[in-house]
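Trainee: I would like to go through the surroundings of a ligand and check how each term is earned.
Mentor: Then look at the model, and ask about one term at a time.

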Amino acid sequence: MTCIFCHIIAHGLPAEILYEDEDLAVFKDINPAAPIHLLIVPKKHIDSVNALDEKTAGIFAKMVLAAKRMAERHGIQSGYRLMINNGREAGQVVYHLHMHFMGGWGRKPAKG
Ligand code: 5GP
Ligand code: ZN
């Protein structure tokens with residue numbers, strides 16, 4: 001298995017996993033670009049949006065609903081950004097479909 005996200009999903013590589021079910025895993029991005037930066041990742045390996053088809057595209061709705069739950073859990077329904085880089089020109093680096101969940105800009109920094 002050469003895919004880094006498949007490794008994380010299989011618990012073969014450490015990651016801060018915040019949510020998991022039979023279809024999805026949600027873990028913290030290792031190099032956060034926002035105060036809260038999560039990756040919402042299907043457990044089944046799909047390279048990118050380009051590789052989705054009628055049979056597999058249902059995962060997309062589940063990813064968006066997981067994002068909604070993450071916003072609720074973090075108390076940031078007031079604003080969060082969902083982003084998918086698709087393909088090299090868009091800056092996709094990891095070829096295992098993932099949605100970036102970014103938010104938390106309005107939060108006060110933790111004390112201490
Ligand atoms: P892409 O540009 O492919 O949409 O984004 C890949 C994201 O995965 C980047 O934001 C990067 O920081 C994150 N990432 C890459 N390798 C790892 C890793 O091993 N663990 C975690 N948690 N995130 C990673
Ligand atoms: Zn994979």
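Trainee: Which element gives the most to the shell around ligand 1?
Mentor: This is a predicted model. Helix H1 (4–9) is one of the elements that supply at least two residues of that shell, and H1 gives the most, with 3 residues. Strand S2 (24–28) also supplies at least two.

Trainee: How many residues surround ligand 1, and what makes a residue count?
Mentor: A residue counts if one of its heavy atoms lies within 4 Å of the ligand. By that rule 16 residues surround ligand 1, the closest being Asp-29, Gly-91, Val-93, His-98 and His-100.

Trainee: Why is the pair between Asp-29 and ligand 1 called a polar contact?
Mentor: The cut-off for a pair of N or O atoms is 3.5 Å. A polar side-chain atom of Asp-29 lies 2.5 Å from an oxygen atom of ligand 1, so the pair qualifies. An N or O atom in the side chain of Asn-85 is 3.0 Å from a ligand oxygen atom, so that pair qualifies too. With Ile-30, a polar backbone atom is 3.3 Å from a nitrogen atom of ligand 1, which is also within 3.5 Å.

Trainee: How much of ligand 1 does the protein bury?
Mentor: Taken alone, ligand 1 exposes 520 Å², and the protein buries 83% of that.

Trainee: What makes a shell residue nonpolar, polar or charged, and how many of each are there?
Mentor: The residue type decides; Asp, for example, counts as charged and Gly as polar. The shell around ligand 1 has 8 nonpolar, 6 polar and 2 charged residues.

Trainee: Which pocket does ligand 1 take up?
Mentor: Ligand 1 takes the space of the largest pocket, which holds about 540 Å³. Of the 28 residues that line this pocket, those closest to its centre are Lys-28, Asp-29, Ile-30, Asn-31 and Leu-39.

Trainee: Which element gives the most to that lining?
Mentor: Strand S3 (36–42) gives the most to the lining of the largest pocket, with 4 residues.

Note on methods. Residues are numbered from 1 along each chain as its sequence is written. Chains are lettered from A and ligands numbered from 1 in the order in which they are written. This is a predicted model: local features need pLDDT of at least 70, side-chain atom pairs count only at pLDDT 80 or more; totals for chains, interfaces and linings use all residues. Side-chain values use heavy atoms; hydrogens and water are left out. A polar contact is a pair of N or O atoms within 3.5 Å; within protein, one must be able to donate a hydrogen and the other to accept it, and residues adjacent in sequence count only if both atoms are side-chain atoms. Accessible areas come from the Shrake-Rupley method with a 1.4 Å probe; for residues, only the protein chains shown count as cover. On a 1 Å grid over the protein atoms alone, a cavity is a set of points where a 1.4 Å probe fits but cannot get out, and a pocket is an open set with protein on both sides within 12 Å along at least five of seven lines; lining residues have an atom within 4 Å of a point. A molecule sits in a cavity or pocket if more than half of its atoms lie within 2 Å of its grid points. Grid points are joined across faces, edges and corners, and a volume is the space filled by probe spheres set on the points.
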